[in-house]
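Me: I would like to learn how to read strands and salt bridges in a model like this one. Please take me through it step by step.

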Amino acid sequence: NIMSKNVRMALLILLPVSFWFATGVLEEDKIEPPKAQKTLSSVVINESIAEMISPTISVNSVAISEKRVAVKAKTSGEVVATGVRQGEWVKKDELLCRLGIVELNRTEVKAPFDGYVENIVKPGNFIQRGEICATIIELSPITFVAEVPEAKIKDIFEGLQVKIDLITDETISSNLTFVSKSASPATRTFRVEAEFENVTGAVRDGITGTMHISTQPILAHKITASVLLLTDEGNIGVRTVNSESKVEFHSIKIIKDTADGLWVSGIPQFSNLIVQGQGFVENGQTVAVTNLASL
C-alpha cells in the first residue's frame with residue numbers, strides 16, 4: 001500500500017526530529033545561570049606593634065622607723081631637768097633626763113643614737129627604775145612596708161624599682177630591699193619592704209602611701225576598649241587579620257589600664273588589629289581590608 005509506505009516514511013523522519021527537539025529543549029532547561037560572585041565582608045585594621053612595658057603592682061604601704069627605742073631610767077627619782085623637748089633632734093649621748101637623786105652616775109639618761117625625741121617625761125614627774133624617760137626614733141633610713149597578694153608574688157623580687165605616692169601628695173623612689181618567703185596565715189599576703197634614705201626627716205614615721213612596684217618588662221600592645229570581644233566561652237580578646245586576609249582571634253590579658261588605653265599581652269608582636277567590623281566576621285573568614293591610616 002503506497003499510502004502506508006508514505007506514512008511510515010513520514011514517521012521515520014518526524015520521530016528523530018521530534019526527539020532532537022525534545023532533547024534540546026530539556027537540555028536547555030537544565031542550563032543554570034552563572035552564580036553571582038560572593039562579596040567579602042569589610043573590616044578596618046590598624047597596624048599595631050608591641051612595646052616593652054613594665055607591669056605595675058600597686059599596694060598600700062606604711063612608713064616604719066628603722067629604730068624606735070624606749071630609753072629607761074636606771075634608778076628612781078624625780079625628773080629635775082630634761083635636755084631636749086619632744087619632737088627635737090638629738091645626737092647620740094645627748095642628755096635626755098636628769099634625776100634628782102645622786103646614785104653613781106645613774107642620774108643622767110642619755111640618747112643611745114641620733115634621732116628624734118618622740119616622747120619625753122616632763123620635769124617634776126617621778127619615775128621608777130626601769131620606767132621610760134624618753135622614746136627616740138631614727139628616721140633615716142625609713143622603711144615602707146606593704147603586703148603583696150599571693151597571686152602576684154611570683155613577679156616580685158628584691159631590687160625591683162618602686163614609686164611611693166604619699167598621702168601628702170609627695171612621691172618618693174626606692175627599690176625593694178626585702179621580700180618575704182612566707183605568707184601571712186591570716187591574709188595570705190607576703191610582706192615586702194623598701195628602704196628610703198630619709199636624710200631630712202621629711203617622711204614621718206607611720207605615714208601611708210601607695211607603693212607602685214615595677215615588675216620585669218614584657219611585650220604589650222596598647223589598644224582601646226572598643227576593640228575587645230567576649231567569646232561564648234567567656235574569653236576576652238581581639239581579632240586580627242593575618243597575611244592571607246583571614247580573621248584570627250587572640251585571647252588577651254590586661255596588663256595596665258590607663259586613661260588613654262589598655263596595655264594588653266597575648267597579641268603577636270606585629271599585628272593587623274581589627275578596629276572596625278570585628279563583631280561581624282568569624283574566625284578563619286577571608287575579609288576585605290582597609291587600613292585605618294588610609295581613612
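**Strand E20 and the salt bridges**

Reply: Start with the side chains of one strand in this predicted model. Gly 261, Trp 263 and Ser 265 point one way from E20, while Leu 262 and Val 264 point the other way, and all of them are buried.

Me: Why do the side chains split into two sets?

Reply: In a regular strand, side chains alternate between the two faces of the sheet. E20 shows this with Leu 262 and Val 264 on one side and Gly 261, Trp 263 and Ser 265 on the other.

Me: Is strand E20 enclosed or open?

Reply: Buried here means under 20% relative accessible area. In E20, which covers residues 261-265, 5 of the 5 residues are buried, so the strand is largely enclosed by the rest of the structure.

Me: Which strands pair with E20?

Reply: Strand E19 (residues 253-258) runs antiparallel to E20 and is joined to it by 5 bridges. Lys 253 stands opposite Ser 265 of E20. These two strands, E19 and E20, make a hairpin with 2 residues between them. Strand E15 (residues 218-223) also pairs with E20 in the antiparallel sense, over 3 bridges. There, His 221 has Val 264 as its bridge partner.

Me: Now the charged residues. How should I read a salt bridge?

Reply: Side chains of opposite charge can pair when their charged atoms come close. The whole structure contains 8 salt bridges. One of them joins the side chains of Asp 205 and Arg 68, at 2.2 Å from N to O. Asp 205 sits in the loop between strand E13 (189-196) and strand E14 (208-214), whereas Arg 68 belongs to strand E3 (residues 56-72); the pair links distant parts of the chain, 137 residues apart.

Me: Are Asp 205 and Arg 68 buried or partly exposed?

Reply: Asp 205 has 27% relative accessibility and counts as partly exposed. Arg 68 is partly exposed too, with a relative accessible area of 45%.

Me: Which other pair ties together separate parts of the sequence?

Reply: The side chains of Arg 188 and Glu 150 meet in a salt bridge, 3.9 Å from N to O. Arg 188 lies in the loop between strand E12 (171-179) and E13, and Glu 150 in the loop between strand E10 (132-149) and strand E11 (161-166), so the pair ties together parts 38 residues apart in sequence.

Me: Which residues are linked in a network of salt bridges?

Reply: Arg 98, Glu 108 and Lys 110 are linked in this way. Within that group, the closest N and O atoms of Glu 108 and Lys 110 are 3.8 Å apart. Glu 108 is partly exposed at 34% relative accessibility, and Lys 110 is partly exposed at 40%.

Technical notes. Residues are numbered from 1 along each chain as its sequence is written. This is a predicted model: local features need pLDDT of at least 70, side-chain atom pairs count only at pLDDT 80 or more; totals for chains, interfaces and linings use all residues. Side-chain values use heavy atoms; hydrogens and water are left out. Buried means under 20% relative accessible area, exposed over 50%, partly exposed in between (1.4 Å probe, protein chains only). Helices (H or I, at least four residues) and strands (E, at least two) are DSSP runs, numbered from the N terminus. Two strands pair if DSSP finds at least two bridges between them. A salt bridge is a side-chain nitrogen of Lys or Arg within 4 Å of a carboxyl oxygen of Asp or Glu.
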